[in-house]
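Got your viewer open? Let's take a walk through this one together, one selection at a time.

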Amino acid sequence: TRRSSDLAIRQTKITMKTAVLASFLASAAAFAPASNNGRSATMLFEDAAAAEPEAKYVASESLPFMEYPPNLKGYVGDAGFDPFRFSDFLPMDFLREAELKHGRICMMATAGFAAVDLGLRVYPLPEGYEGLTSVTAHDALVKQGGMGQMLLWFSFLEIFDTVAVIQMLNGSGRRPGDFGFDPAGFLTNADAKKEEDMMLKELTNGRLAMLAFSGMVTQAVLTQGPFPYV
């Protein structure tokens, strides 16, 4: 009986030691890194970066020392010229509309500015128009009231233009600068190639006119002389 009692006590001690050892092992396991088949977040980010195609640097055609603005792609007259990167944060259709509008205005302004200083007049001349040059005409017409009339009517036309631009930006399908105005029929029955060529010519001449008008006005003011302002 005594032997049986000693054996039971010994087994009890062994059981207790085993339980304590198991509890220590469980506590240590809580501080050990988890072992599973998953990969760390760092590895996953590295794999994702490797899977993405590396952005290839493309130089601008007109400004080789700068990166090509990708939003210009597909537009007529694209030479990669957008040094201030307006196309990154403004709709390209809006920018093209503005470029065409300013180009068209400057083409008319360049011809009109030179014509006045070459002696072209519409008779009978209104009172106060005699002896004016293209430079002096501005102040004289402000005083006479002609410039105010021009501002009024051009502002009225801008209302229709603004509506057309808003509809275009909302997906109406209208092309930038397209008002259906082609009295000479240059685009009548034109194929896609000829149409693109005519659009490029208008855009190129408009860009040239914007530079030309700026230079003409500056030179005319500096020299105060007749055309060609030298």
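Is Asp88 buried, partly exposed or exposed? Select Asp88 and show the surface: with a relative accessible area of 42%, Asp88 is partly exposed. Keep in mind along the way that this is a predicted model.

Now add Arg85 to the selection. Arg85 and Asp88 form a salt bridge, and their closest N and O atoms are 3.1 Å apart. Arg85 counts as partly exposed too, because its relative accessibility is 22%.

**Zoom out**

Switch to a cartoon view. The protein chain has six helices and zero strands, so from the N terminus on you'll read α-α-α-α-α-α. Of the 230 residues in the protein chain, 17% are buried. The accessible surface comes to about 17,700 Å², and carbon and sulfur atoms own 65% of that. Looking at contacts with a separation of 6 or more, 45% are between residues 24 or more positions apart.

**Salt bridges between helices**

The whole count is nine salt bridges. For the next one, pick Arg207 and Glu99: their side chains meet in a salt bridge at 2.6 Å, N to O. This pair links distant parts of the chain, with Arg207 in helix H6 and Glu99 in helix H3, 108 residues apart. Arg207 is partly exposed because its relative accessibility is 28%, and Glu99 is partly exposed at 22%.

Next, select Lys101 and Glu158. Their side chains meet in a salt bridge as well, 3.1 Å from N to O. Here the link runs from Lys101 in helix H3 to Glu158 in helix H5, 57 residues apart. Lys101 counts as partly exposed at 24% relative accessibility, and Glu158 counts as partly exposed at 34%. Before you move on, add Arg96 to your view: salt bridges that share partners join Arg96, Glu99 and Arg207 into one network.

**Into the core**

Which residues make up the largest nonpolar core? Select Phe113, Ala114, Met216, Ala220 and Tyr229, and you have the five of them. Helix H3 (92-117) and helix H6 (192-223) each supply at least two residues of this core.

Centre the view on Met216. Leaving aside neighbours within four places in sequence, Met216 is in contact with Thr110, Phe113, Ala114, Phe227 and Tyr229.

**Aromatic stops**

There are seven aromatic pairs in the whole structure. One of them is Phe84 with Phe86, a tilted pair with 5.8 Å from centre to centre and 40 degrees between the planes. Phe84 is exposed, with a relative accessible area of 64%, while Phe86 is partly exposed at 39%.

Then jump to Phe227 and Tyr229. Their rings pair edge-to-face, 5.5 Å centre to centre with 85 degrees between the planes. Why does Tyr229 count as buried? Because its relative accessibility is 2%, and the cut-off for buried is under 20%. Phe227, at 36%, counts as partly exposed. Add Phe113 and Phe213 to the selection, and together with Phe227 and Tyr229 you have one aromatic cluster.

**Last stop: the outside**

In soluble globular proteins, nonpolar side chains tend to be buried together. With that in mind, select Met150, Leu152, Trp153, Phe154, Phe156, Leu157, Ile159, Phe160 and Val163, which make a nonpolar surface patch of about 970 Å². Phe154 is a good one to click on: this residue lies in helix H5 (residues 146-169), and counts as exposed because its relative accessibility is 53%.

Terms used. Residues are numbered from 1 along each chain as its sequence is written. This is a predicted model: local features need pLDDT of at least 70, side-chain atom pairs count only at pLDDT 80 or more; totals for chains, interfaces and linings use all residues. Side-chain values use heavy atoms; hydrogens and water are left out. Patches are made of residues with over 30% relative accessible area and no salt bridge: like charges are joined within 9 Å, nonpolar side chains (Val, Leu, Ile, Met, Phe, Trp, Tyr) within 5 Å. Accessible areas come from the Shrake-Rupley method with a 1.4 Å probe; for residues, only the protein chains shown count as cover. A salt bridge is a side-chain nitrogen of Lys or Arg within 4 Å of a carboxyl oxygen of Asp or Glu. Helices (H or I, at least four residues) and strands (E, at least two) are DSSP runs, numbered from the N terminus. Buried means under 20% relative accessible area, exposed over 50%, partly exposed in between (1.4 Å probe, protein chains only). Contact means heavy atoms within 4.5 Å. A nonpolar core is a set of buried Ala, Val, Leu, Ile, Met, Phe, Trp, Tyr and Cys residues joined through side-chain atoms within 4.5 Å. Rings of Phe, Tyr and Trp (its six-membered ring) pair if their centres lie within 6.5 Å; planes under 30 degrees apart count as stacked, over 60 as edge-to-face and the rest as tilted.
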